[in-house]
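Q: Hi! Could you walk me through this structure? I'm new to this, so plain words please.

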Amino acid sequence: MNPLALLALLAAGLVLVPSAILCLECLAACLPARRRRPTLVRVPRLVVLVPAHDEEQSLPDALRSLAPELGEGDRVLVVAHNCRDRTAMIARARGAEVLEVRDAGTGGKPDALVAGLAHLDADPPEVVVVVDADCRVEPGAVRALARAAAEHGGPVQGDYRFGAAARDDFASLSSLALLLKNVVRPRGLARLGLPCMLNGAGSAYPFDQIRHAPHGRGSIAEDYQLAIDLARRGHRTRFVPEARVRSVLPERRDAALRQRRRWEHGHLWLVFRAAPGLLLRGLVRLDLGLVALGLDLLVPPLAFLALAWSGALALALAAGGLLRDGTALGVVLAAGGLFALGVAAGLARFAGVGALGRTLRATPAYVGAKVALYLQFFARRETRWRKTERTSGAAPTSAEEGAHERSDTGT
């Protein structure tokens, strides 16, 4: 086969696989939810662990949303990690237990979690629920997470959504992309009876499992890495759609891009480094759960996939024009169709049909804004955890975000 035709076919295959996985997950999410009753009636004794670094603005809203969720014997532990503001004082004033930690400051959130969990050794709970300081939990979320973690005997991830603080197309499309990643795709995996990744806030764990876990060390995508490490130990993450947690994206464009750079560089690094190993281990052990996690991890950030598809299309057109070989072009068009079908179905079902128009209008500029971010991955990859600067500390309520995305009532 001609080298150009072979290269075009290889590129077409590389975009077909993640596009097909994305489409399957999104279509599965659109299926009617399975109705099931929890077998565990008692809510386990829990601690809500809140890692916080200079969160005096957002922490009061987070603690206010947590207060009604606590039962007798439950606690909130705020880990004030290298704070230079009034985070610890505000947490104590609102009745939370506070652990102040000072360290080198290079490990970020995982180091705060490790310190908080070690502190809990003196009086360990049955379940630890992790909620970030810039989030709000919706009614019933904490109990749903704790009950699910105890019943499942492993980690669980809630429905974690981001609102757009800035009223522009970039922020809106970022919010929709995160909706697909954090809600639609995990829901599809759950509908298929498969495990999902951890997505940060709104997760819960049996204490013994999380206490001795590696906590995402070695990766700036610490939540994905934690899910992988726990899965390798036999503890697969289950999605809990009824447990809803809300946060807000940074209002400033530069802060938003820095946040996305950390998330997406960490994700892409795991695509290349961890996904092949997960797939191989799952295939050798005939472990469908590990295979599913490996395949899910193969789906890169959507803007990166769109750019990769564009490159594959250019190669396929060149092969078709110069060599009269349309094989690669057919594969690329199939990949594009699956990509578009999955995104359209997921957004229409979980954000409303109006989101499709906004997505089409904003996609070229959104993807263009990410080009430099992806070039940096290959030239100077982000390797350090950095706190995201925010000008707005409050996460949107359900009513506030209703103008942006339709509430899903199909759980």
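A: Happy to: we'll go through the sheet, then a pair of helices, then one loop residue.
A: This is a predicted model, where local features need pLDDT of at least 70, side-chain atom pairs count only at pLDDT 80 or more, and totals for chains, interfaces and linings use all residues. Residues are numbered from 1 along each chain as its sequence is written, and side-chain values use heavy atoms, with hydrogens and water left out.

Q: What order do the strands of the sheet come in?
A: The order is β3-β2-β1-β4-β7-β6-β8-β5, an open sheet of 8 strands with mixed pairing. Strands (E, at least two residues) and helices (H or I, at least four) are DSSP runs numbered from the N terminus, and two strands pair if DSSP finds at least two bridges between them.

Q: Which strands stand at the edges?
A: β3 (97–101) and β5 (136–137); each has a single partner strand, so one side of each has no neighbour in the sheet.

Q: And how many bridges join β2 to β3?
A: There are 5, and β2 (residues 75–81) runs parallel to β3. Valine 79 is opposite leucine 99 in β3.

Q: Helices now. Where does α6 sit relative to α1, and at what angle do the axes cross?
A: The axes of α1 and α6 (residues 169–191) come within 7 Å and cross at roughly 75°. Axes are lines fitted to C-alpha atoms, for helices over the stretch in contact, with angles from 0 to 180 degrees between N-to-C directions. The two helices are therefore roughly perpendicular, a label for angles of 65 to 115 degrees.

Q: Which residues meet there?
A: Among them are Leu22 and Cys26 in α1, and Leu180 and Val184 in α6; contact means heavy atoms within 4.5 Å.

Q: New topic: where is arginine 236?
A: Arginine 236 is in the loop between α8 (222–232) and β8 (238–248). Its side chain makes a polar contact of 2.8 Å with that of aspartate 287. Such a contact is a pair of N or O atoms within 3.5 Å; within protein, one must be able to donate a hydrogen and the other to accept it, and residues adjacent in sequence count only if both atoms are side-chain atoms.

Terms used
Parallel < 35°, antiparallel > 145°, perpendicular 65-115°, else oblique.
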